[in-house]
Amino acid sequence: MSKILQKMDEILLNAFVFQALISLILLIFITKWLRKSTGNKKLPPSPRKLPILGNLHQLGSLPHHNLHSMAKKHGPIMLLHFGSVPTVVVSSAAAAREIMKTNDLIFSDRPDSSVNRRLLYDNKDVSVAPYGEYWRQLKSICVLQLLSNKRVQSFHEIREEETEILMKRVGEEGSGCVNLSHMFTQLMNDVVCRSAIGRKCREGEDGEKFLQLLREFLEVLGTISIGDFVPSLSWINRINGFDARVERIARDMDEFLEGVIRERLQNPAVKKKNGENFVDILLHIYQSNSVGVSIDRDSIKAIILDVFAAGTDTTSTVLEWAMTELLRHPIILKKLQDEVREVVKDKQNKITEKDIEKMHYLKVVIKETLRYHTPIPLLVPRIAREDAKIMGYDVPVGTMMMTNAWAIGRDPDSWDEPERFYPDRFLNSSIDFQGLDFEFIPFGAGRRGCPGISFAMATNELVLANLVQKFDWKLGDECKELDMSERPGVAIRRAVPLLAVGTQYH
Ligand code: HEM
């Protein structure tokens with residue numbers, strides 16, 4: 001009996017030693033592996049994070065403000081965690097240059113998002129398509145065919161007609177308060193829809209329904225879907241109806257766009273009457289396959305959606321904030337009015353795009369608006385395709401990259417008196433927004449930079465010049481207070497509509 005007990009003791013002791021040995025080997029292996037994957041790496045400074053959520057709770061409803069405050073504490077490059085997604089946020093011109101110039105190829109991909117995938121035909125558009133041959137072909141169609149200077153020029157009648165309609169509507173309000181925010185939204189929707197599909201989207205019996213759909217589309221496109229960052233919480237989107245909403249919007253949008261394509265294919269007379277629009281051009285490429293580009297019907301619909309998403313709110317936001325700042329700064333408004341009125345003084349009220357070329361102050365007012373109220377403050381996120389080194393820190397492959405262009409536009413290292421709205425700062429300066437001056441990148445830069453700059457600027461300049469030339473502006477009795485709060489979204493608009501009184505100038 002005692003022998004049996006002794007034998008059992010030996011077996012248990014051996015099992016224990018064996019287990020301890022295995023645990024020790026595992027521990028050494030895991031420690032080595034961890035050290036290999038992060039230990040030797042010099043990662044950017046990180047604020048403290050919560051389990052599961054990481055730093056998501058610190059973003060708030062206006063993340064560009066909160067990330068700016070965090071950067072003041074942790075520096076111009078920070079490593080955060082959005083749920084399980086490591087995210088580097090940069091807030092200085094030097095760091096932005098390293099991402100969008102020095103390492104542009106590494107950061108030329110976009111992060112995947114379930115909402116984008118569902119709404120944009122499995123990322124078949126330009127703005128979220130993964131970096132590669134398909135995206136290169138689409139981007140080249142955008143730059144060379146849809147949004148080239150020549151093409152933008154060919155839409156001048158659309159811009160002029162829509163600007164004239166806006167002026168008429170402002171004039172009709174007399175001494176009452178005009179809701180400029182609403183008018184700018186409508187104007188940009190009309191300009192973009194006419195350029196993209198050849199007619200105003202709000203025309204026809206389903207017009208109002210479509211505008212509501214477009215509003216919803218833009219809203220969900222800018223939503224952070226919790227499941228993309230914390231996969232274990234993706235059930236929340238199913239329970240709260242978000243997934244079903246995205247599904248409905250995608251279906252309704254597809255129905256609308258299919259109707260547009262059918263209309264253009266079946267009725268060439270429509271095409272002749274309104275000239276070539278984006279759908280015509282894309283259909284031509286699709287049917288002829290001439291440039292060796294493989295786009296299909298879904299690509300066409302996805303690109304048109306990109307134009308709606310990227311071209312409407314972004315552009316009207318600039319007008320909204322420019323007029324806001326002009327109302328707050330009557331001396332700047334007067335200086336702008338003097339310039340515009342002087343250029344067109346011998347003409348019967350009609351401002352042409354040639355006149356605009358002579359309006360230097362107009363251009364710097366718009367530049368200052370883009371600096372001070374950067375429409376898309378965090379630009380569009382990128383993702384690292386390989387390991388990279390930014391500002392001496394390691395950024396591992398797969399890290400999401402965000403650039404706080406709004407904070408960079410207010411960085412005292414780059415700008416004198418950055419918190420002052422002061423267009424004159426640009427008068428004797430060569431700083432421009434084309435993506436070469438990294439202290440001023442409202443349109444991004446590098447391979448993934450915005451191809452719609454000319455389209456946006458042509459409309460902004462024409463509308464603003466007309467508004468200040470034809471009207472004197474003030475805040476009315478009913479709209480004295482100028483609330484400067486911002487509304488959350490991809491493009492940061494005013495939280496409350498801009499109301500003002502425009503008196504006809506003779
Ligand atoms: C004031 C107006 C606009 C602003 C502030 C703006 C801003 C931006 C920004 C910040 C990006 C991301 C750039 C990057 O990752 O470096 C972008 C990309 C893009 N924008 Fe714009 N945009 C404007 C108007 C437009 C217009 C009018 C269009 C088309 C009609 C347009 C089409 C696009 C497209 C297709 C992309 C994706 C490019 C790519 O991923 O390769 N944008 N825009």
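Contact here means heavy atoms within 4.5 Å. With that in hand, the surroundings of helix H5 can be described in this predicted model. What covers the buried residues of H5 includes three other helices, namely H6 (149-154), H14 (278-288) and H15 (297-311). The buried residues of H5 themselves are Trp135, Gln137, Leu138, Lys139, Ile141, Cys142 and Leu146. The geometry of H5, which runs over residues 133-146, holds up to a simple check: at 1.5 Å a residue, its 14 residues should span 20 Å, and the end C-alpha atoms are 19 Å apart, which agrees.

Two residues of this buried set also appear in the surroundings of the ligand. Lys139 is among the closest of the 28 residues that surround the ligand, together with Arg110, Arg382, Arg448 and Cys450. Trp135 has a side-chain N or O atom 3.1 Å from an oxygen atom of the ligand. Two arginines make comparable approaches: a polar side-chain atom of Arg110 lies 2.9 Å from a ligand oxygen, and an N or O atom in the side chain of Arg448 is 2.9 Å from an oxygen atom of the ligand. The elements that contribute two or more residues to the shell around the ligand are H5, H15, helix H16 (313-328) and H21.

The iron atom of the ligand brings the cysteines into the picture. A single donor from the protein reaches this iron, the SG atom of Cys450, 2.3 Å away. Cys450 is found in the loop between helix H20 (405-408) and helix H21 (453-470). With a relative accessible area of 36%, Cys450 is partly exposed. That value is calculated on protein chains only.

Cys142, listed above among the buried residues of H5, has a relative accessibility of 6% and so counts as buried. Which cysteine sulfur is closest to that of Cys142? The answer is the sulfur of Cys450, yet the separation of 9.4 Å is too far for a bond. A disulfide requires the two sulfur atoms to be within 2.5 Å.

Elsewhere, that criterion is met. A search of the whole structure finds one disulfide, and the residues it joins are Cys193 and Cys201, with an S to S distance of 2.0 Å. Both of these cysteines are buried. The torsion about the S-S bond of Cys193 and Cys201 is about -105°, so the disulfide is left-handed.

Notes
Residues are numbered from 1 along each chain as its sequence is written. This is a predicted model: local features need pLDDT of at least 70, side-chain atom pairs count only at pLDDT 80 or more; totals for chains, interfaces and linings use all residues. Side-chain values use heavy atoms; hydrogens and water are left out. Buried means under 20% relative accessible area, exposed over 50%, partly exposed in between (1.4 Å probe, protein chains only). Donors are N, O and S atoms within 2.8 Å of the metal (3.2 Å for Na, K and Ca); water is not among the atoms, so sites may look incomplete. Helices (H or I, at least four residues) and strands (E, at least two) are DSSP runs, numbered from the N terminus. The expected span of a helix is 1.5 Å times one less than its number of residues. A residue is near a molecule or strand if one of its heavy atoms lies within 4 Å of it. A polar contact is a pair of N or O atoms within 3.5 Å; within protein, one must be able to donate a hydrogen and the other to accept it, and residues adjacent in sequence count only if both atoms are side-chain atoms.
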